[in-house]
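Okay, thanks everyone for coming. I've got a few minutes on this one, so have a look at the screen and we'll walk through it together.

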Amino acid sequence: MNEDSIASMIDVDPKTIFRTISPVIAELGAFSAALILYDTVYRLAQQEGAFQLAEKLSGYFPLFAEVVEGDLSPTEAELIIERRLEPVIEELRAFSSVVVVGIESVILDSLSRKLPGVQIYIISHFSTIDEERVLANFPSNVQLIGVREIMGLGGTRSVLLSYVFCQTQDDSFVYPVTFRAIGPDVRSSYSQIVGLNILTDYNRYLGDMAPLYSTSQFFTNQFRIV
Amino acid sequence: MIAAILIIVMIATLIIQALIPSRKMLVIFSGATVSITIAAILGNQSITSIYNGVPWDVLVILLGLGIFSSLFARSRLFSSLAVWCSRASQGKYLLVLIMFSSIMFILSCTLNNLTALLLVLPVLLSILKALGATQGFIALCFSLLIVACNLGGAATPIGDFPAILLMGTGSISFLRYLVLAFPMCVLIFGILVALAVVYYRKKERVDASVLERSLALASMEKLYRNFTIDKTILYPGIGVFCLTFALWIIANRIGLSPGVICFLGVGLLMVIKNEEAEDIIRHEIDFESILFLTALFFMVSCMANSGVLDLIAGLMFEHFTDTKMLVCVLMICCGISTAIFSAGPSMATMLPIAQQIISKGNVPGDIVYVGLALSVCAGSSFLLTAATAGPLAQSIVEKSGLITREERKAKFDFMTFLPFGIFAYVIIQIWGLIFVLVRI
């Protein structure tokens, strides 16, 4: 594929691409959506095209550029996630319920399948999602809840889990809803607050997420997933 | 005099319920109460004769088909079909248009089109969101979908209320209706799709880029990644439905009424899938429309017993000596009244008049009945408010927050639909008239 054909393939309005990927970010998660976008662009315009699109989209979807720079295909990502989730699953097996703040389908698909005896509650990171469709993709031990219900689900047999994006030293980015979910009141009612680290370091400020300073203070355990 | 009062009550009720849809149940029940009181006290009609005028079989069939539709919906059949359509369309607008309207036509042939719309539209909206469709395409696509629902409903005797009424009242046999109406509806649907394609090619032409299309398809694939059909519900459902369908075909030979067959089918299904059936009956059955139609049938029964409908038929005979012309006038009146009052009231009122015309004019009843069903279909496609599918589609599009390629909120309302509606009405009505004129 020559440069011209790559350029013509990528010659799209970033707004239209962001519009197309937005429902996926909402229902599958930002990282999972970035993997899908990367895979699609890679198949059409290879690595060069993905780099060009990442630059175009950096104002709308900066996490995509971070994924492209990590050069991680969805298949590779799934293999890595599968392997690195094992200790997390072992840790979670001891609990009766897990409250997950935010959706990342590449992680939750595996987690829900491997923890059939654990009730998993998901708090969406996006306000408007097709709840029926989201739930139809998960086994019956998964339930969607609102952030207001988080306190009532606490207890010694409950664990809170969320995603930590692009951590650099002790600073990172989280879904804005995670901020509410890891507040001091909530932290006191859960026996563990687990952070799943997705990507390390960043070259672009993830403007669509919330910065979290002193990350380690908020989580009792952190696992590097990707 | 009594007959005139009953007509006035009926027309006033229909107009008020059309003007205040939020109070339509109150209006129709008030109308029924007034009609029954007038008929019983002033017209000396017995309550039993009014009850006997209600086609209970029709209500049973509507109830039974509602249960079947809900059960199929639970099996995720509709959504899976819609996802398959998105995949097969390859993200091309034209294929999206053809495939989704075809799937709506097929589903509406046998199942409740509201349930089908409720489950197919979210998938269609997702693919349109991902592809970034233009306002023109959105209007064309949803309009064609509504018309496909109406045509599918008219294609079989169990597709929609007018056809169910014809079969339930014994006006026409299941098989005869199917043989006459199905090919006509397929033909008209084919013509409308072809015209929509020509219109799209001339007016729209915009298509999503390769990257957008590939991304839209990949997104759909992931959004529905573990979406599977529940075979434990689907297989027994299909089995019982096919059995019921077969019994309807041979209903005349085995001497069972369509209502009884429906009872048998639904009963069997409830025994097999008792847990789901219990839940469906408690929470999902649309009792509102069944009650609405019951009240309407009471009013029509009062009018029929008073002899006013015979009188109207007699007057029509006086004005139109040519029977063919008379049938055509009846069909056009039926189409227009459907556009204003919707299919239920229109067909329930026109059917007794049609029966009189058929018996006095010595014309083949089955042809006239199918002609009437096509006219009702034309009327339902005229205005967005004429059929329940229209307002439902409008509200789903509004709530979806669909944004057009022009970066505006997508619009699908009365005025957006009107040009397509007029066009569809004319096409369906003309073909209905041709069908009747050629066959009589």
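Let's start with a single residue: A:Leu199 counts as buried, because there are 23 C-beta neighbours inside 10 Å and the cut-off is 20 or more. Before I go on, keep in mind that this is a predicted model.

Back to A:Leu199. You'll find that leucine in strand E6 of chain A, residues 190-200. What about its backbone? Phi of A:Leu199 is near 60°, so a positive value, and this isn't a glycine.

There's another one like that over in chain B. Phi of B:Glu407 is near 65°, again positive in a residue other than glycine. Buried or exposed, this B:Glu407? It's exposed, since just 11 other C-beta atoms lie within 10 Å, and 12 or fewer is what exposed takes. As for where B:Glu407 sits, that's the loop between helix H21 (389-400) and helix H22 (414-439) of chain B.

Okay, zooming out to chain A as a whole. The secondary structure comes to 10 helices and 8 strands. For 226 residues, a compact globule would have a radius of gyration near 17 Å, and chain A has 18 Å, so that agrees. Along the principal axes, the C-alpha atoms of chain A fill a box of roughly 60 × 35 × 30 Å. Buried residues make up 46% of the chain. And if you take the contacts in chain A with a separation of 6 or more, 76% of them are between residues 24 or more positions apart.

Now the helix I wanted to show you, H7 of chain B, residues 113-131. With 19 residues at 1.5 Å each, helix H7 should span 27 Å, and its end C-alpha atoms are 25 Å apart, which agrees. Where's the kink in H7(B)? At B:Val120, about 30°, shortly before the proline B:Pro122. Of the 19 residues in H7(B), 16 are buried, so the helix is largely enclosed by the rest of the structure. Just after H7(B) comes B:Gly132, with a positive phi of about 70°.

H7 also brings us to the interface. The contact between the chains takes 20 residues from chain B and 20 residues from chain A. On the chain B side, the elements giving two or more residues are H7 and helix H11 (210-223). Which gives the most? That's H11(B), with 10 residues. By type, the chain B side divides into 10 nonpolar, 6 polar and 4 charged residues.

That's my tour; over to you.

Methods: Residues numbered from 1 in each chain as written. Chains lettered and ligands numbered in written order. Predicted model: local features only at pLDDT ≥ 70, side-chain atom pairs only at ≥ 80, totals over all residues. Helix = DSSP H or I, 4+ residues; strand = E, 2+ residues; numbered from the N terminus. Expected span 1.5 Å × (residues − 1). Bend = angle between axes of the 7 residues up to and from the residue. Contact = placed C-beta atoms within 7 Å. Nonpolar A, V, L, I, M, F, W, Y, C, P; charged D, E, K, R; others polar. Rg over C-alpha atoms; globule rule 2.2 N^0.38 Å.
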